[in-house]
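Let's take a friendly walk through this protein, with the sequence and the 3D view at hand. Have both open as you read.

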Amino acid sequence: EERSRSEHNLLNIQKTHERMQTENKTSPYYRTKLRGLYTTAKADAEAECGILRHALDKIAEIKSLLEERRIAAKMAGVYSDSDPPRKTMRRGVLMTLLQQSAMTLPLWIGKPGESPPPLCGATPASSDYVAKQGDKVAARVKAVDGDEQWILAEVVSYNHSTNKYEVDDIDEEGKDLSLIWSQFSVLASYFGYLFDPDDWLDLNHISLTSLQTNFMCVCLIRRHTLSRRRIIPLPQWKANPETDPEALFSKDQLVLALYPQTTCFYRALIHTPPHRPQDDYSVLFEDTSYADGYSPPLNVAQRYVVACKENKKK
């Protein structure tokens, strides 16, 4: 309704200008008429903007409620077909979910003169910011070989006494299946269950209490306890290059970016920032296998590009 009224008014403005050109004069009548039409058009635009902002707030509220339900279901060990446990999720499914998360990241639309908030694009979080349960972060962890790497993780909790996070590795498929089965069998036998190794993925025939299920999930999942300096919150809004270019990383800036089709962040240089809201960054990953030390340009969504705390090239 608002859009129809606005379009009708804009059409009147266009016709009035055409009449003025035909008559080749700007009379007081036309000036008064145009002033009224433009005033109405401005009011219509503000009303439509208010409706859109309200709709965006509702969408954000719905997404927040869905995330709360997902977290509650995860803690209770209850999963749906659309959100299976990640340790049984195929890599392709996980990659698709990560892409969807990047695509549906809301675009920050501020009011005239309003600066982008923390965690919009390249804008860092405030110094006292604490990531919430379920938030996705870049986490610096020790790999199996002892080296440290930045991985995509989900916040489980934050301990204000120790200033440390508990986070889960977002990618459980990388775990050795024989190790998982060995751990699961030991834990299950503790509760009086014995399994055929060929049926280890079909556990519908058993009945565990919620306490037992939670205990086993915590033991099997790759959970890390990390200090604040090892956590970088991911952006919660996309920055609009057309209105807030200062909220984007600039060309040649050093960042951590999620390497395509993986769940690990690596050091990279910004090759080309986004030009439109739907565009990704083009980045050059550090790679010693290339003569200049960098990979060819690869696209990475705003969602998965964060500031690099280390300045020296490795």
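The report below covers a helix, a strand pair, a loop residue, salt bridges and aromatic pairs.

## About the model

Please keep in mind that this is a predicted model.

## Along helix H2

Helix H2 spans residues 28-76, and Leu56 is one of its residues. Together with Ile59 and Ile109, Leu56 forms a nonpolar surface patch, and the three share about 260 Å² of accessible area. Leu56 itself counts as partly exposed because its relative accessibility is 42%.

The helix also holds a salt bridge: the side chains of Lys58 and Glu61 meet at 4.0 Å, N to O. Lys58 and Glu61 are three residues apart in helix H2, so about one helical turn separates them. Lys58 is partly exposed at 42% relative accessibility, and Glu61 is partly exposed at 43%.

## Strands S3 and S4

Strand S3 (residues 164-169) and strand S4 run antiparallel and are joined by five bridges. If you would like one to look up, Glu166 has Thr225 in S4 as its bridge partner.

Which side chains of strand S4 point to the buried face? Along residues 223-227 the side chains alternate: His224 and Leu226 are buried on one face, while Arg223, Thr225 and Ser227 point to the other and are not buried.

A salt bridge is found here too, with the side chains of Arg223 and Asp168 meeting at 2.6 Å, N to O. Arg223 belongs to strand S4 and Asp168 to strand S3, so this pair links distant parts of the chain, 55 residues apart. The two partners can be told apart by their accessibility: Arg223 is partly exposed at 27%, whereas Asp168 is buried at 2%.

## Thr263 and its surroundings

Now to a loop. Thr263 sits between strand S6 (254-258) and strand S7 (264-272). Is Thr263 buried or exposed? Thr263 counts as buried because its relative accessibility is 6%.

Not counting residues up to four places away in sequence, Thr263 touches several residues, among them Leu94, Met95, Leu98, Trp150 and Asp171. Ile151, Leu152, Ile170 and Leu258 are also included in its contacts.

## More salt bridges

How many salt bridges does a search of the whole structure find? The search finds nine. One of the pairs is Arg276 with Asp279, whose closest N and O atoms are 3.0 Å apart. Arg276 is partly exposed at 44% relative accessibility, while Asp279 is buried at 18%.

Salt bridges also link Arg140, Glu148 and Arg230 in a network.

## Aromatic pairs

Six aromatic pairs turn up in a search of the whole structure. In one of them, Phe249 and Tyr281 are tilted, with 6.0 Å centre to centre and 50° between the planes. This pair links distant parts of the chain, 32 residues apart: Phe249 is in the loop between strand S5 (231-233) and S6, and Tyr281 is in strand S8 (residues 281-285). Phe249 is buried at 4% relative accessibility, and Tyr281 is buried at 1%.

Tyr259 and Phe285 form a tilted pair as well, with 4.7 Å centre to centre and 55° between the planes. Tyr259 lies in the loop between S6 and S7 and Phe285 in strand S8, so the pair ties together parts that are 26 residues apart in sequence. Tyr259 is partly exposed at 31% relative accessibility, but Phe285 is buried at 2%. Along with Tyr266, Tyr259 and Phe285 form one aromatic cluster.

Notes:
Residues are numbered from 1 along each chain as its sequence is written. This is a predicted model: local features need pLDDT of at least 70, side-chain atom pairs count only at pLDDT 80 or more; totals for chains, interfaces and linings use all residues. Side-chain values use heavy atoms; hydrogens and water are left out. Patches are made of residues with over 30% relative accessible area and no salt bridge: like charges are joined within 9 Å, nonpolar side chains (Val, Leu, Ile, Met, Phe, Trp, Tyr) within 5 Å. Accessible areas come from the Shrake-Rupley method with a 1.4 Å probe; for residues, only the protein chains shown count as cover. Helices (H or I, at least four residues) and strands (E, at least two) are DSSP runs, numbered from the N terminus. Buried means under 20% relative accessible area, exposed over 50%, partly exposed in between (1.4 Å probe, protein chains only). Two strands pair if DSSP finds at least two bridges between them. Contact means heavy atoms within 4.5 Å. Rings of Phe, Tyr and Trp (its six-membered ring) pair if their centres lie within 6.5 Å; planes under 30 degrees apart count as stacked, over 60 as edge-to-face and the rest as tilted.
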